[in-house]
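Trainee: I would like a close look at one part of this model and at what lies around it. Please go slowly, and keep to what can be checked on the screen.

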Amino acid sequence: MNKASEDYINDKIRNNPVFEQVPHDNLFLAELCGKFSVKKFKSGSVIAEEGRSSSALYILVSGEAEIIKKTPAGDTYNTGLFTEKDNFSFGEFSLIRDDFNEFTVRSETDTEWAVLPGEKFRAYSDLNPEAGFPVVFRVAEMLSDEVNKVRRDMMTLYEALVHEIKS
């Protein structure tokens, strides 16, 4: 990889919301960037499949990727198309522990991803808690946001059900 593309990828990592609380001039952030690998996928490739185990953070560096969800009946629908301009990533929770994919991610065009295995992040954080804590704290905030969204969605469904029963 040449220096220009390495700098571009490191900028994509630094500007990802997961790392926003780590000071950009921090040596730890530079070291964390070194823990990432780059993976390339051809157009049409499935990068992550809904329901499958997830053990890494993926940051879209170039190309376009679509997000596909399944309904309980097994039907699929697209929830979005993302480019590198969107600062799209997934697998944040796997930095804390291995998780499951909430959706399928498929390359719409050839894509390039910066990938940080959760195992590498956890090992690095054990040795450098000053670097790991802000990232884990940010992931915890993201998880809290997800829980609050689920609570609001449940209340909306409950209210709709009560309204339907009363009608």
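Mentor: What follows starts at one loop and works outward from there.

The model is predicted, and a word on confidence comes before the detail. Mean pLDDT for the protein is 88, with 96% of its residues at 70 or more. Among the elements, β9 has the highest mean confidence, at 96, while α1 has the lowest, at 78. Coordinates should not be read in detail where pLDDT is low.

Take the loop between β8 (99-100) and β9 (104-107), and begin with N101, which is found there. N101 counts as buried because its relative accessibility of 11% is under the 20% limit. Its contacts, leaving out residues up to four places away in sequence, include a run of the chain: A48, E49, E50, G51, R52, S53 and S54. F90 also touches N101.

E102 belongs to the same loop between β8 and β9. Is E102 buried or partly exposed? Its relative accessible area is 43%, so E102 is partly exposed, whereas N101 at 11% is buried. Beyond its neighbours up to four places away in sequence, E102 touches E50, K69, F93 and E146. E50 is thus listed as a contact of E102 and also of N101. As a distance to check on the screen, the C-alpha atom of E102 is 19 Å from that of P17, and the two residues are 85 apart along the chain.

On the far side of the loop comes β9, which runs antiparallel to β5 and is joined to it by four bridges. In this pairing I68 stands opposite T104 of β9. Strand β5 (residues 64-70) has another antiparallel partner in β6 (residues 76-83), and seven bridges join these two. E64, for instance, has T83 of β6 as its bridge partner. Five residues sit between the two strands of the β5 and β6 hairpin, where G74 takes a positive phi near 95°. When you trace side chains here, keep in mind that in a regular strand they alternate between the two faces of the sheet.

Now step back along the chain to the loop between β7 (89-90) and β8. D98 of that loop forms a salt bridge with R122 of helix α3 (residues 118-127), so parts 24 residues apart in sequence are tied together. The N to O distance is 3.5 Å. Both partners are partly exposed: D98 has a relative accessibility of 42%, and R122 one of 25%.

The D98 and R122 pair is one of seven salt bridges found in a search of the whole structure. Another is formed by E20 and R138, with their closest N and O atoms 3.1 Å apart. It spans a long stretch of chain, as E20 is in the loop between α1 and α2 and R138 is in helix α4 (residues 129-166), 118 residues apart. The two ends differ in exposure, because E20 has a relative accessible area of 46% and is partly exposed, while R138 at 14% is buried. A bridge within α4 joins K149 to D153, with a closest N and O distance of 3.0 Å. Since K149 and D153 are four residues apart in the helix, about one helical turn separates them. K149 is partly exposed at 41%, and D153 is partly exposed at 37%. Elsewhere, E20, R138 and E141 are joined in one network by salt bridges that share partners.

For comparison, look at another asparagine in a loop: N16, between α1 (3-14) and α2 (27-33). N16 counts as buried because its relative accessibility is 0%. Which residues does N16 contact beyond its neighbours within four places in sequence? They are I59, N87 and S89. S89 is 73 residues from N16 along the chain, with 7.8 Å between their C-alpha atoms. Within its own stretch of chain, a polar side-chain atom of N16 lies 3.0 Å from the backbone nitrogen of V18.

To return to the starting point, the loop between β8 and β9 holds N101, which is buried, and E102, which is partly exposed.

How values were computed: Residues numbered from 1 in each chain as written. Predicted model: local features only at pLDDT ≥ 70, side-chain atom pairs only at ≥ 80, totals over all residues. Heavy atoms only, no water. Buried < 20%, exposed > 50% of the residue type's maximum accessible area, 1.4 Å probe, protein only. Contact = heavy atoms within 4.5 Å. Polar contact = N/O pair within 3.5 Å; in protein donor to acceptor, adjacent residues only side chain to side chain. pLDDT = per-residue confidence, 0-100. Salt bridge = Lys/Arg side-chain N within 4 Å of Asp/Glu carboxyl O. Pairing = 2+ DSSP bridges.
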